[in-house]
Structure formats: structure tokens, C-alpha cells
Amino acid sequence: MMTLSLRRKWGRYEELRPDQLAAIREATPVAFWPLGLIEHHGWHLPVGFDGLKAERICLRIAERTGGVVLPTLWWGAGGGHSDFLWTHYQSEEAAESVLVNTTSQLARF
């Protein structure tokens, strides 16, 4: 939900109505996109550790500066833990397609 923090408008993309997205874009045309793979990091950490950290960092920055935080993208390529259970990587082409298409759409908006 859109929050006012230090007079900056920000919000989570998936929770905002189109009019709220437009208002935030007008005030602060910045999008933060947390990226994090689903991968085994050892038995002491969750498999989503990278994305959880990235999302929290993006939220903290948006709260201070304004902007929109996109949903965390969990499905990427190129990690170094592919031999471990509970790790999910996509092909580089699939990951590139999502990144390029989404950023192109955001730039048009």
C-alpha cells in the first residue's frame, strides 16, 4: 500500500492501483527491482536468502527516497549452486528475456 515517509511517495508495485502508480511515477520516477535466486546456501540459511536481502534493501531505500518496489524476481540464471538440492536456475535466455522485456515496459511507462 502507498506509504508517505518523509513526504516521499513509495509503494510495492503489486499492491498499488494504476492511479497510485501514476502518482508515484510523477513524484519519483524510480523503480527498484530486487533480484535473488532460489538456491541452497547451506543448512543455516533460507533458499531465498538473496532475494530476501535484496527486497529489504530496496524497501528501505524506497521508504527514504520514494519510488516503486517491483516484486522480487526469484527466477534467474548463472548462480554457482546448481549441484545442490532446492536450487532452481533458469536458462540465461529465459532470464534475459524477463529482464529485458520488463525493463523495456517500465521505460515506456
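# Worked exercises on a predicted fold

**Exercise 1.** Find the residues that Thr 87 touches, not counting residues up to four places away in sequence, and then place Thr 87 in the chain.

*Solution.* Start with the touching residues: Thr 87 meets Ile 38, Glu 39, His 40, His 81 and Ser 82. Here, touching or contact means heavy atoms within 4.5 Å. One thing to know before going on: this is a predicted model, where local features need pLDDT of at least 70 and side-chain atom pairs count only at pLDDT 80 or more, while totals for chains, interfaces and linings use all residues. Residues are numbered from 1 along each chain as its sequence is written, and side-chain values use heavy atoms, with hydrogens and water left out.

Next, the place. Thr 87 sits in the loop between β4 (67-69) and α3 (92-108); helices and strands are DSSP runs numbered from the N terminus (helices H or I, at least four residues; strands E, at least two). Thr 87 is buried, at 15% relative accessible area, where buried means under 20%, exposed over 50% and partly exposed in between (1.4 Å probe, protein chains only).

Last, look at His 40 again. Its backbone nitrogen is reached by the side chain of Thr 87 at 2.9 Å.

**Exercise 2.** Is Trp 86 buried or exposed, and what can you say about its phi?

*Solution.* Trp 86 shares the loop between β4 and α3. With 53% relative accessibility, Trp 86 counts as exposed. Now check the backbone: phi is near 70°, which is positive in a residue other than glycine.

**Exercise 3.** Work out the order of the elements and how the chain is spread in space.

*Solution.* Count the elements: there are three helices and four strands. Walking from the N terminus, you pass β-β-α-β-α-β-α. The C-alpha trace spans about 45 × 30 × 20 Å along its principal axes.

Then look at the whole chain. Of its 109 residues, 28% count as buried. Take the contacts with a separation of 6 or more: 61% of them join residues 24 or more positions apart.

**Exercise 4.** Compare two loop glycines, Gly 48 and Gly 66, by listing where each lies and what each meets.

*Solution.* Gly 48 first. It lies in the loop between β3 (31-32) and α2 and is buried at 9% relative accessible area. Leave aside neighbours within four places in sequence, and Gly 48 is in contact with Leu 37, Ile 38 and Trp 74. Thr 87 is 39 residues away along the chain, with 9.5 Å between the C-alpha atoms of the two.

Now Gly 66, found in the loop between α2 and β4. Gly 66 is buried too, at 0%. Its contacts, again without neighbours within four places, are Arg 8, Lys 9, Trp 10, Thr 28, Phe 32 and Ile 61. From Gly 66 to Val 30 you step 36 residues in sequence, but 7.5 Å in space, C-alpha to C-alpha.

**Exercise 5.** Name the members of the largest nonpolar core and the helix that gives the largest share of them.

*Solution.* A nonpolar core is a set of buried Ala, Val, Leu, Ile, Met, Phe, Trp, Tyr and Cys residues joined through side-chain atoms within 4.5 Å. The largest one has six residues: Trp 10, Phe 32, Cys 58, Leu 59, Ala 62 and Val 69. Helix α2 (residues 49-65) supplies the largest share, three residues.

Zoom in on Cys 58. Not counting residues up to four places away, Cys 58 touches Phe 32, Trp 33, Pro 34 and Val 69.

**Exercise 6.** Trace the polar contacts around Arg 17.

*Solution.* Arg 17 is in the loop between β2 (8-12) and α1 and counts as partly exposed at 46% relative accessibility. Its side chain makes a polar contact with the side chain of Asp 19 (3.0 Å). A polar contact is a pair of N or O atoms within 3.5 Å; within protein, one must be able to donate a hydrogen and the other to accept it, and residues adjacent in sequence count only if both atoms are side-chain atoms.

Switch to the backbone of Arg 17. Its nitrogen lies 2.8 Å from a polar atom of the Gln 20 side chain. Gln 20 itself lies in helix α1 and is buried at 11% relative accessible area. As a final distance, the C-alpha atoms of Arg 17 and Pro 34, 17 residues apart along the chain, are separated by 20 Å.
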